[in-house]
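Hi,

Here is the structure I promised to pass on. Have a look at it first, and my notes on what turned up follow underneath.

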Amino acid sequence: MTTPTTGTGDEDGFSIKQQTLDVTIRQYEEGNLNIFGYIGKGLTVRTDGTLKIGNGGVHAMMHIGSYAMSPYSGGTAYLGFNALRTGDSWTLQTNGFNNGGAVIWSDATGDLYFANIASSSHSAFVQTLSTANMRSHVNLKLCSDGLLQAKEVKVTLTGWPDYVFGEDYKLMSLSETERYIKENGHLPGVPSAQEV
């Protein structure tokens, strides 16, 4: 465990290391706290309250932070996937081929927003979006009253019960169906309201 003087490079502030390359806990001169694993992926707690999971910078797998989302005032928590809020803009890192990402946030009304940002035509470069532009990418909104808003919903079913029309399908008699309903409270082959 070391406490070097400021300006000494990698170990500004304090540092706790294990020499076998397992874990390093380090506070940098600017106050950010970092926990590194063997290959560098870890956790960063920044002085502005942002939490990064994965490698630092925009390269982190996830960002957890807050910001003011117009027209609502005050801080709003968000989860950013390859999307980091800095100042008045959002940054989406590139891997050389794509620069897309996603953000989930809630506002002061309790509504929950999901914004997916596709890779831009300049995918070899970092993509930067304004807050207004980020709002225009909302594809799904879960309202506090339970209403789900989406541009389109596609439901894929497997095992569609057309087999009941097959010649080899054994259809229950009306008396058997009546007995089943009295015993179970729902039609045979259909889940109960509680299960649904």
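Two strands count as paired here if DSSP finds at least two bridges between them. Keep in mind that this is a predicted model.

With that in hand, let's walk across the strands. β7 (residues 76-81) pairs with β10 in the antiparallel sense, over four bridges. If you want a spot to click on, Gly80 stands opposite Val103 in β10.

On we go from β10 to β11: six bridges join these two, and they run antiparallel. Here Ala102 stands opposite Asn116 in β11. The two strands make a hairpin with five residues between them, where Gly110 takes a positive phi near 95 degrees.

Next along, β11 (residues 112-117) pairs with β13 (residues 138-142), antiparallel again, over four bridges. Tyr113 has Lys141 of β13 as its bridge partner. Lys141 in turn has a bridge partner in β14, namely Gln149. β13 and β14 (residues 148-150) are an antiparallel pair with three bridges. They form a hairpin too, with five residues between the strands, and Gly146 in the turn has a positive phi of about 100 degrees.

Now for a residue I'd zoom in on: Asn99, in the loop between β9 (89-92) and β10 (101-106). Is Asn99 buried or exposed? With a relative accessible area of 0%, Asn99 counts as buried, because the cut-off for buried is under 20%.

What does the side chain of Asn99 have for polar company? One of its polar atoms lies 2.8 Å from the backbone nitrogen of Ser120, and the backbone oxygen of His122 is 3.2 Å from a polar atom of that side chain. Leaving aside neighbours within four places in sequence, Asn99 also has a list of contacts that includes Asn82, Leu92, Thr94, Phe125 and Val126.

Last stop is the surface. Tyr163, Val164, Phe165, Tyr169 and Leu171 make a nonpolar patch of about 590 Å². Leu171 sits in the loop between β14 and α2 (174-184). Leu171 counts as exposed, because its relative accessibility is 66% and the cut-off is over 50%.

If you only open three views, I'd go for the Tyr113 and Lys141 bridge, the side chain of Asn99 beside the backbone nitrogen of Ser120, and the nonpolar patch that includes Leu171.

Cheers

How values were computed
Residues numbered from 1 in each chain as written. Predicted model: local features only at pLDDT ≥ 70, side-chain atom pairs only at ≥ 80, totals over all residues. Heavy atoms only, no water. Buried < 20%, exposed > 50% of the residue type's maximum accessible area, 1.4 Å probe, protein only. Polar contact = N/O pair within 3.5 Å; in protein donor to acceptor, adjacent residues only side chain to side chain. Contact = heavy atoms within 4.5 Å. Patch = residues over 30% accessible without salt bridge, like charges linked within 9 Å, V, L, I, M, F, W, Y side chains within 5 Å. Areas by Shrake-Rupley, 256 points an atom, 1.4 Å probe, with all protein chains shown as cover. Salt bridge = Lys/Arg side-chain N within 4 Å of Asp/Glu carboxyl O.
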